[in-house]
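Visitor: I've got a model open and I'd like a quick tour of it. Could you walk me through the fold and a few of the side chains?

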Amino acid sequence: NVGESALPGARFQLEAARDSDSGSNSVHHYKLSHNDNFRLEVKDRGEDGKIPILILQKPLDREVIRNINLQLIAVDGGKPAKSGTMAITINVLDINDNFPVFTKEVYSVMLSENAPIGTTVIQVNATDLDEGPNGEIVYSFGKSVNSKVRKLFDINNITGEITVKGLLDYEDKDSYEIDIQASDKGSIPTITDKSVTIKIVDVNDNAPDIEVTSFSNSIPEDSRPGTTVALISVFDLDSGLNGKVSCSLDDDMPFKLIPSSQHSTYSLVSTSPFDRETTFQYDITIVAKDAGQPSLSSVKTITVLISDVNDNSPGFAFSPYAFYVIENNVPGKLLFSVYHIWRENTEENKYTSFININSENGEIYALKSFDFETVKTFQFQVIATDSGSPL
C-alpha cells in the first residue's frame, strides 16, 4: 500500500528470491516489468543474497490509477538460466487532494413570488474524485449569507436541494444571489464555493392604490366646463402589466379624468355647467384597474358639493294677487303676506300709503280703515329680493 502523497525517491523493500542452488547457479539478478512509476534497485547483502527494492520515481495519483500490477523476475546465473516470477500489486491510497467540483458553471432559476413553502427551487450537485470520506460531499450556505435569506430558503446538506422556507415578495426583493458551499468530509475538508441566482417573478398580488392629492370638495355652480376638481395619483406595487393601471368614472357624471404624460396622475375636471338647484352634490366613484391576469381593481368615492351663486330671481306663485278687504277694517289687521311694496308717487299708487309690509315675512297690514263707498279696489306692486350679491 502506497499513499498517493508519497514523494519521488520513496523506497519499498521487497521479499528476496531464494534459490537452492549455490554459487553462480543462485540468484544472479532481478528484472521489473515496465512501468512509469517505479524502478528497481538491488542491494547485495553477500550471504543474505540480493534484496530487491522498489523506488518511486514519479508521483502517484489515485484518481488516475488506483492499482499498479508489476512483475518481479528473479534470474539465476546457471546455464541455461532459470527464473522465478512474483506478482506485485501496488494499492494507491487516497489522500484528500481533490476539491469538490460543481457540475454546472452557472446556477440560475426563475421563481414565482407566490411559490408555497417547501417548493424546490433548484438542486446543485458537486462531485469529488477522492474516495471515502474525502469524496463525500456536504452542502451548505456560505458564511456571508445573511439571516433574512436563511429565513426564506433552505438547503439540504446531503442532496443540495434548495427549497422555499418563507414567504417571498417580489415588491420587497426581486432577486437573490446566494453563495453555496460544497465541502468533503476529509480530516481537513476541501471547500468549493458557487453562486446561485434566484430571480423572483412578479405575480399580480397587489391591487392599485388611489390617492387624492389635491381636492376641492365644493365648487361654485357657475364654474366653467374644464374646471379642475381634484388631482388623483394611482400606483401599483406590481411590475409590468400587473402594475399598469387605468382609471375610469361612471358614464353619467359631468366629470372626466385627464391622464398626465406619466399615466400615473389624473386630473378630475368638469365637463358641463352645474345647476345647484337641480343637483347640489355629486358622489364620484373612481375605479382603478390593473392589466394583470386576473385583473385587480380598487374603488374610491369622493363627494363634490355644488355651492350656490345668486343666479335666480325671487318668484311669486301668482301675479297679480287678488284679495278682499272688508270695509271698516281695523287698522293693523293682517291683510296678506308678501314682501316689499313698490311705492311710486303716482295717482294709481296713492293708496300704497295706506298699507305696510313686514319685510321679514311678507305680511301686509292696513294703516287706516277703508271705505267701500270711497274706493272699491286699488292695485299696488310687491317686490321680493334675495340677500345675494348681486341682488
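**Overall shape and contacts**

Guide: Residues 24 or more positions apart make up 63% of the protein's contacts (heavy atoms within 4.5 Å) with a separation of 6 or more. This is a predicted model, where local features need pLDDT of at least 70 and side-chain atom pairs count only at pLDDT 80 or more, while totals for chains, interfaces and linings use all residues. Residues are numbered from 1 along each chain as its sequence is written, and side-chain values use heavy atoms, with hydrogens and water left out.

Visitor: What radius of gyration does the protein have, set against a compact globule of 391 residues?

Guide: The radius is taken over C-alpha atoms, and the globule rule is 2.2 Å times the number of residues to the power 0.38. Along its principal axes the C-alpha trace spans about 190 × 30 × 25 Å. A compact globule of 391 residues would come out near 21 Å, but the protein has 55 Å.

Visitor: How many strands are there in the protein?

Guide: Helices (H or I, at least four residues) and strands (E, at least two) are DSSP runs, numbered from the N terminus. Next to one helix, the protein has 29 strands.

Visitor: Which strands are the edges of the open sheet S2-S5-S4?

Guide: Two strands pair if DSSP finds at least two bridges between them. The three strands of this open sheet pair antiparallel in the order S2-S5-S4, and seven bridges join S4 to S5 (residues 50-56). Lys 43 stands opposite Ile 51 in S5. Pairing on one side only, the edge strands are S2 (11-13) and S4 (38-44).

Visitor: Which strand gives the most residues to the largest nonpolar core?

Guide: A nonpolar core is a set of buried Ala, Val, Leu, Ile, Met, Phe, Trp, Tyr and Cys residues joined through side-chain atoms within 4.5 Å, and buried means under 20% relative accessible area, exposed over 50%, partly exposed in between (1.4 Å probe, protein chains only). The largest core has 27 residues, and Leu 111, Val 121, Phe 153, Ile 178, Ile 180 and Ile 198 touch the most other members. Several elements each supply at least two residues, including helix H1 (147-152) and strand S13 (153-155). With four residues, the top contributor is S15.

Visitor: Where is the residue with a positive phi in the S13 and S14 hairpin?

Guide: S13 and S14 pair in the antiparallel sense over three bridges, and Ile 155 has Ile 162 in S14 as its bridge partner. Five residues lie between the two strands of the hairpin, and the positive phi of about 80° sits in the turn, at Gly 160.

Visitor: Why does Asn 204 count as buried?

Guide: Asn 204 is in the loop between strand S16 (191-201) and strand S17 (209-215). Leaving aside neighbours within four places in sequence, its contacts include Asp 238, Asn 242 and Leu 296. Asn 204 counts as buried because its relative accessibility is 15%.

Visitor: Which side chain joins that of Asn 204 in a polar contact of 3.1 Å?

Guide: A polar contact is a pair of N or O atoms within 3.5 Å; within protein, one must be able to donate a hydrogen and the other to accept it, and residues adjacent in sequence count only if both atoms are side-chain atoms. A polar atom of the Asn 204 side chain also lies 2.9 Å from the backbone oxygen of Pro 294. The side-chain partner at 3.1 Å is Asp 290.
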